[in-house]
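The following note is offered in reply to the request for comments on this structure. The points are numbered for ease of reference.

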Amino acid sequence: MQTAGLLGKRKRGRVHRRERERRPMRGMLLPVDGSPRDWIPGLGWQPDLIALLDDAANEVYEAILCEEEGTKAILSGLRSVIEKEALFCSLYTDPGQPTGAAIFSIRPRREKR
């Protein structure tokens with residue numbers, strides 16, 4: 001119908017997510033995301049899956065099934081990542097998480113002069 005000139009082209013809506021470059025080195029950004037689903041059918045309840053990822057490598061460092069996405073589950077995952085991988089520079093959480101949308105950065109202490 002568009003080629004016949006009966007309909008005009010539809011305007012595109014707003015872009016949902018912006019494309020961005022990944023961080024250049026491992027450990028620079030650790031996104032945390034949770035998702036409630038029926039991950040295990042027949043379980044009788046829907047666990048939340050919390051994933052802690054490395055932005056540069058697009059690698060899952062930790063995945064946790066828990067009763068509820070919250071501070072306790074996220075801190076448990078962070079502890080595991082730090083023990084296995086080492087410290088990270090920044091932590092990103094989305095608006096659906098207890099901390100809200102934020103980037104928390106770890107900066108080395110400056111020596112006092």
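1. Arg22 is a convenient place to begin: at 44% relative accessibility, this residue counts as partly exposed. Its side chain meets that of Asp55 in a salt bridge, with an N to O distance of 3.5 Å. The pair links distant parts of the chain, since Arg22 belongs to the segment before β1 and Asp55 to the loop between β2 and β3, 33 residues apart. Asp55, for its part, has a relative accessible area of 3% and is buried. Because the limit for a buried residue is under 20% relative accessible area, with over 50% required for an exposed one, the two partners fall into separate classes: Arg22 is partly exposed, whereas Asp55 is buried. The reader should bear in mind that the model is predicted.

2. How many salt bridges does the structure hold? There are four. Another of them joins Glu59 to Arg26, the closest N and O atoms being 3.1 Å apart. Glu59 lies in strand β3 and Arg26 in the segment before β1, so this pair ties together parts that are 33 residues apart in sequence. Both partners are partly exposed: Glu59 has a relative accessible area of 30%, and Arg26 one of 47%.

3. A further salt bridge is found within helix α1. Arg79 pairs with Glu83, and the closest N and O atoms are 3.1 Å apart. The two residues are separated by about one helical turn, because they are four residues apart in helix α1. Arg79 and Glu83 are both exposed.

4. The overall arrangement may now be stated. The secondary structure comes to one helix and five strands, and the order along the sequence is β-β-β-α-β-β. Of the 113 residues in the protein, 30% are buried. Among contacts with a separation of 6 or more, 39% are between residues 24 or more positions apart. The protein exposes about 9,500 Å², of which carbon and sulfur atoms supply 51%.

5. Strand β2 (residues 48-54) deserves particular comment. Five of its seven residues are buried, so the strand is largely enclosed by the rest of the structure. Strand β1 (residues 29-36) runs antiparallel to β2 and is joined to it by five bridges. Strand β3 (residues 59-66) also runs antiparallel to β2, and here seven bridges make the connection.

6. Individual pairings show how β2 is placed with respect to these strands. Ile50 of β2 is the bridge partner of Gly34, and Ile50 also stands opposite Ile64 in β3. Leu49 stands opposite Leu65 in β3. In general, the side chains of a regular strand alternate between the two faces of the sheet. Beyond these pairings, β2 and β3 form a hairpin with four residues between them, and Asn58 in the turn has a positive phi of about 50 degrees.

7. Which residues have the most contacts inside the largest nonpolar core? They are Leu30, Val32, Ile50, Leu52, Leu78 and Leu91, in a core of 13 residues. At least two residues of this core come from each of β1, β2, β3 and α1 (71-85). The greatest contribution is that of α1, with four residues.

8. Nonpolar side chains also appear at the surface. Trp39, Ile40, Leu43, Trp45 and Leu65 make a nonpolar patch of about 450 Å². Of these residues, Ile40 is placed in the loop between β1 and β2 and is partly exposed, with a relative accessible area of 38%. Leu65, also part of the patch, is the β3 residue that stands opposite Leu49.

9. A last remark concerns Ile82, which is placed in helix α1. Is Ile82 buried or partly exposed? Its relative accessible area is 35%, so Ile82 is partly exposed. When residues up to four places away in sequence are not counted, Ile82 touches Leu87 and Phe88. Ile82 and Tyr61 are 21 residues apart in sequence, and their C-alpha atoms are 9.8 Å apart in space.

Definitions and conventions
Residues numbered from 1 in each chain as written. Predicted model: local features only at pLDDT ≥ 70, side-chain atom pairs only at ≥ 80, totals over all residues. Heavy atoms only, no water. Buried < 20%, exposed > 50% of the residue type's maximum accessible area, 1.4 Å probe, protein only. Pairing = 2+ DSSP bridges. Core = buried A, V, L, I, M, F, W, Y, C linked by side-chain atoms within 4.5 Å. Patch = residues over 30% accessible without salt bridge, like charges linked within 9 Å, V, L, I, M, F, W, Y side chains within 5 Å. Areas by Shrake-Rupley, 256 points an atom, 1.4 Å probe, with all protein chains shown as cover. Contact = heavy atoms within 4.5 Å.
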